Amino acid sequence: MVPVATFAMNLDLIAKQLATSGATVIVSNLIDLSHAPIAGLVETLLRVPRQVFVRRIEEMNDRLNAITRKHGLELCDLFEFTRKELADHPEYFSPDGFHPSSAGYDRWAELLWPKVETAAKSWRST
């Protein structure tokens with residue numbers, strides 16, 4: 001629950017250092033946690049409406065997207081995937097309702113793989 005400006009500042013510092021490595025850096029944005037089982041508890045217990053939660057994630061992703069462009073990093077858009085698919089797949093969450101399960105990590109890896117494969121092919125050709 002850090003301020004969005006602090007989140008962005010920290011990511012910018014990290015991205016700047018990674019960009020100097022010369023490696024292709026692949027970054028995923030934040031998933032739409034409003035579809036996570038824990039979101040219902042946040043809404044009920046903390047009285048934070050899901051839409052407020054989503055707006056914060058979108059704001060953080062906007063900053064993250066700008067940072068990846070600024071430093072020439074590759075972005076994998078997991079937010080859009082989760083917006084479309086996550087609500088129908090509760091098995092993607094571990095029993096705590098927040099962290100990914102094995103199935104969730106497997107799906108995430110499938111989504112990241114094309115970017116990784118492209119980066120690896122580029123690396124091999126140099």
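Lys70 is exposed in this predicted model, with a relative accessible area of 58%. Its side chain is not left alone, for Lys70 forms a salt bridge with Asp12, and the closest N and O atoms of the two are 3.2 Å apart. Asp12 belongs to helix H1 (residues 4-19) and Lys70 to helix H3, so this pair ties together parts that are 58 residues apart in sequence. Helix H3 also holds Thr68, which is buried at a relative accessible area of 3%. The side chain of Thr68 reaches the backbone oxygen of Asn65, at 2.8 Å.

With that starting point in hand, the overall layout can be described. The protein chain contains 5 helices and 2 strands, and along the sequence these follow the pattern α-β-α-α-β-α-α. Taken along the principal axes, the C-alpha atoms fill a box of roughly 55 × 30 × 20 Å. Of the 126 residues in the chain, 32% are buried.

The bridge between Asp12 and Lys70 has company, since the structure holds 8 salt bridges. In general, side chains of opposite charge can pair when their charged atoms come close. Arg107 offers a good place to look, as this residue takes part in a salt bridge with Glu85 at 3.0 Å, N to O. That pair links distant parts of the chain, with Glu85 in helix H4 and Arg107 in helix H5, 22 residues apart. Glu85 has a relative accessibility of 19%, and because the limit for a buried residue is under 20%, Glu85 counts as buried. Arg107 also forms a salt bridge with Glu110, where the closest N and O atoms are 3.0 Å apart. Here the partners sit within one helix: Glu110 and Arg107 are 3 residues apart in H5, and are therefore separated by about one helical turn. An α-helix has 3.6 residues a turn, so residues three or four places apart point the same way. Glu110 is partly exposed, at 49% relative accessibility. Elsewhere, Asp32, Glu58, Glu80 and Arg83 are linked in a network of salt bridges.

Helix H5 deserves a closer look along its length. This helix covers residues 102-124 and carries a kink of about 40° at Leu112, shortly before the proline Pro114. At the N-terminal end of H5, Ser101 acts as a cap, with a side-chain oxygen 3.3 Å from the backbone nitrogen of Ala103.

Arg107 appears again in the lining of the largest cavity, together with Ile31, Leu78, Phe81, Thr82, Leu86, Tyr92, Phe93, Pro100, Gly104 and Trp108. Two elements give two or more residues to this lining, namely helix H4 (78-85) and H5. About 120 Å³ of space lies in the largest cavity, and the count of cavities of 30 Å³ or more comes to 1. By class, the residues lining the cavity are 8 nonpolar, 2 polar and 1 charged.

The model also has open pockets to consider. The largest pocket has a volume of about 590 Å³. Its lining is made up of 21 residues, and those nearest the centre of the pocket are Leu30, Leu33, Phe53, Ile57 and Phe98. H3 and H5 each supply at least two residues of this lining. The largest share, 5 residues, comes from H3. The residues of the pocket lining divide into 17 nonpolar, 3 polar and 1 charged.

One backbone detail completes the picture. Arg47 has a phi near 60°, which is a positive value in a residue other than glycine. Arg47 is placed in the loop between helix H2 (37-45) and helix H3 (50-71). With a relative accessible area of 73%, Arg47 is exposed.

Conventions: Residues numbered from 1 in each chain as written. Predicted model: local features only at pLDDT ≥ 70, side-chain atom pairs only at ≥ 80, totals over all residues. Heavy atoms only, no water. Bend = angle between axes of the 7 residues up to and from the residue. Helix = DSSP H or I, 4+ residues; strand = E, 2+ residues; numbered from the N terminus. Polar contact = N/O pair within 3.5 Å; in protein donor to acceptor, adjacent residues only side chain to side chain. Buried < 20%, exposed > 50% of the residue type's maximum accessible area, 1.4 Å probe, protein only. 1 Å grid on protein atoms, 1.4 Å probe; cavity = no way out; pocket = protein on both sides within 12 Å on 5 of 7 lines; lining within 4 Å. Points joined across faces, edges and corners; volume = space filled by probe spheres on them. Nonpolar A, V, L, I, M, F, W, Y, C, P; charged D, E, K, R; others polar. Salt bridge = Lys/Arg side-chain N within 4 Å of Asp/Glu carboxyl O.
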